[in-house]
Amino acid sequence: MKVLTTASEAVAAVERWAVIALAVALVGLILLNVVTRSLAMAIYWVDEMAVYCMIWLVFIGASLALRRRRHVRVTAVIVALPRGAAQAVEAVLDAIVFAFCAFMIWMAWIWYDPVTLAGYGFDLDAFAGATFNFIYDEPTTTIGAPKYWVWLVMPLFALTTTLHAAANLADRLAGRAPIERAPAPPPEKETAKGAAKGAMK
Amino acid sequence: MTGGVFLTLLLIGLPISFVLMVTAAVYVWLTGNTALYSSFMQQLFAGLQSYGLLAIPLFMLTGELMNAGGLTRRLVAMASVLVGGLRGGLAYVNLIANMMMASIMGSAVAQIAVMSRVMTPEMERQGYDRAFAAALTSAGGLLSPIIPPSMLFVIFGVLAQIAIGDLFIAGIIPGLILAGAFFLVIAVLGFFHEFPRVARPARAEALAGGLPALSIPVVIIGGILLGWATPTESAALAVLAAFVIGRFVYGELTLPALPKVFVETGVNAAAVTFLIAAANVFGWVLLYEQVPQTVARWSGGLTDDPFVFMLLVNLMLLLVGMVIDGIAALIMVVPILMPIATDVFGIDPYHFGVVVCINLILGLLTPPVGAGLYVASSMADARPTAVFKALVPFLGSTLAVLVLLSWQPDLVTVLIRD
């Protein structure tokens, strides 16, 4: 299953650069907004563009965060479990995340519904009229591109998270993933130092 | 059933964003409303379509750039010149430096991590008890949700759909009261413990060295308070200022260091902001199950006094905050409690927001999952229990401030009333 890890790392490397580019673009757009507005020449599409940059940043960054196991979670129970049980629970959790990410691919698929769309010869009006799925009719407010281009980050997110979740699960089953343990330093060492401290005072 | 799934997944440690999404998906399945699956991804996306949220990555970026560019260190040195000569001087320095940091870093845990690295060893070297030093540093982190820029305020503003800039202004008096309470605690403890006094360090250099860095809090707070820029724009200006000062004034920010700064910021900001997207699909559950209405009936049966209601909310949030990270807890409880607070009890949304945000940050410092407590303990190499014990006076005074703020809404709202 090493191939999953390799593929996931390759995708993560691309995501890393995408995060950098989007963060730079975000700062640039807001600064552009400040400058143009103070010169009373505000550019009307900058705000919406910046929001979309942020959203892409969040979904791509959240995908990368999944690979790096950086999402916030409640660890109170898992650190209290014995090592073996914690390992088993972690494997179950990785499996749940993987299953849900795969489910997101399906949800993105039925939303974009490309097969039905192709069935109507990519006639957007006929598609919307027949399915009452208006994904291809929604406009952006100021950018001039249809919203489905911007929404493409969602199927992308479903795909990359599924890959990362699969790699995380494979790493876990192969014993390569870390187990969450209580962060406290060893008590004996601390008592010794604490005593020395007390003597100094 | 849905509630059981939610609690189980939450407690066994599934990432909270996934807890919210999986629960929503299971709920949709159980209620047979499967047409919602085709709009699930759209709903996730829609949760983030808010201009206010732009401030989150930008504020985080400012903080990271300040650390990498040597601005943080100089601000601390500057604070130590200002109050270093007093008895227990370094304890005050710690708090003042924390207040400066709070005006830069939006995240309490990040702030505690940075300040623990800087202040705790220094306090210990001067003869303070190690656990006390770690406790004081982490208590200083409690100021971060109140002094702008605060992640919690940005998120509360987005969730409650109120003006984020006004929320920051509403937090000023409570922030000063809390800082004042902490100063009082230090003074009282110093009276009993004979805190060390130190000679003032070299004044002029440290003061001059810190001045450029001081422009960051000025840009952020000034921009927001004077209404001269939106919180988002202030944040972008602060990023620019932090970059220019770190790169060209101090010359410590190297270009090869930048990609790492951006990636760290991006991943951290994404993990936080993604919770908001997940909360938006979870909103289906709350909406169709009429959870706010149920809670409202239940709390309406308990009391009809806004002050008592606020006390109940505080008690509940303290318990929630002990097991769930502050931002995640905020995202889960605001959609439920906010409509009750404003519609049933007539509580001002800004008042409610400030109290809730201060309360939830306490959870960072309480076992069993107080991230701030563990960060401060491990950086100081002290036992969390010892640090927690030293924290008790600070936590107690924060609780007293919370009760005061719950009782006197004017302390929060007076600055934003036109």
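**Salt bridges, helices and a shared interface**

Q: Which residue forms a salt bridge with A:Asp94?
A: A salt bridge is a side-chain nitrogen of Lys or Arg within 4 Å of a carboxyl oxygen of Asp or Glu. For A:Asp94 the closest N and O atoms are 3.0 Å apart. A:Asp94 lies in helix α4 of chain A and its partner in helix α8 of chain A, 78 residues apart. The partner is A:Arg172.

Q: What kind of model is this?
A: Residues are numbered from 1 along each chain as its sequence is written, while chains are lettered from A and ligands numbered from 1 in the order in which they are written. Side-chain values use heavy atoms, leaving out hydrogens and water; local features need pLDDT of at least 70, side-chain atom pairs count only at pLDDT 80 or more, and totals for chains, interfaces and linings use all residues, this being a predicted model.

Q: How many residues apart in sequence are the parts that A:Glu90 and A:Arg172 tie together?
A: The side chains of A:Glu90 and A:Arg172 meet in a salt bridge, with N and O 3.7 Å apart. A:Glu90 is in helix α4 of chain A and A:Arg172 in helix α8 of chain A (helices are DSSP runs of H or I, at least four residues, and strands are runs of E, at least two, numbered from the N terminus). The pair therefore ties together parts of the chain whose separation is 82 residues.

Q: Is A:Asp171 buried or exposed?
A: A:Asp171 forms a salt bridge with A:Arg176, at 2.8 Å from N to O. Buried means under 20% relative accessible area, exposed over 50%, and partly exposed in between (1.4 Å probe, protein chains only). A:Arg176, at 39%, is partly exposed. A:Asp171 has 9% relative accessibility, so the residue counts as buried.

Q: Which residues are joined into one network by salt bridges that share partners?
A: A search of the whole structure finds eleven salt bridges over all chains. Some share partners, and these join A:Arg69, A:Arg73, A:Glu90, A:Asp94 and A:Arg172.

Q: How many helices are there in chain A?
A: Read along the sequence, chain A follows the pattern α-α-α-α-α-α-α-α-α. The number of strands is zero. The number of helices is nine.

Q: What share of the residues of chain A count as buried?
A: The accessible surface of chain A (Shrake-Rupley method, 1.4 Å probe; for residues, only the protein chains shown count as cover) comes to about 9700 Å². Of that surface, 71% belongs to carbon and sulfur atoms. Among the 201 residues of chain A, the buried share is 44%.

Q: Why does A:Thr36 count as buried?
A: A:Thr36 lies in helix α1 of chain A. A:Thr36 touches A:Met41, A:Ala42 and A:Ile43 (contact means heavy atoms within 4.5 Å), not counting residues up to four places away in sequence. A:Thr36 counts as buried because its relative accessibility is 7%.

Q: Which residue caps the N-terminal end of helix α6 of chain A?
A: Helix α6 of chain A spans residues 124-131. Just after α6(A), A:Phe132 takes a positive phi of about 55 degrees. At the N-terminal end, a side-chain oxygen lies 3.1 Å from the backbone nitrogen of A:Asp125, and the residue supplying that oxygen is A:Asp123.

Q: How much area do chain A and chain B bury between them?
A: The contact takes 66 residues from chain A and 66 residues from chain B. Buried area is the accessible area (1.4 Å probe) that two parts lose on being put together, summed over both. Here 77% of the buried area is on carbon and sulfur atoms, and the total is about 5800 Å².

Q: Which residue of chain B meets A:Arg70 in a salt bridge?
A: Across the interface of chain A and chain B the rule finds two salt bridges. In one of them, A:Arg70 is 3.1 Å, N to O, from its partner, B:Glu264.

Q: Which helix gives the most to the side of chain A that touches chain B?
A: Helices that each supply at least two residues of this side include α1 (2-38), α2 (46-67) and α4 (83-112) of chain A. The most come from one helix, with 14 residues: α2(A).

Q: Which residue of chain A does B:Leu9 touch?
A: B:Leu9 is in helix α1 (residues 2-12) of chain B and, at 9% relative accessibility, counts as buried. B:Leu9 touches B:Leu14, B:Val19 and B:Val22, not counting residues up to four places away in sequence. From chain A, B:Leu9 touches A:Ile96.

Terms used: A polar contact is a pair of N or O atoms within 3.5 Å; within protein, one must be able to donate a hydrogen and the other to accept it, and residues adjacent in sequence count only if both atoms are side-chain atoms.
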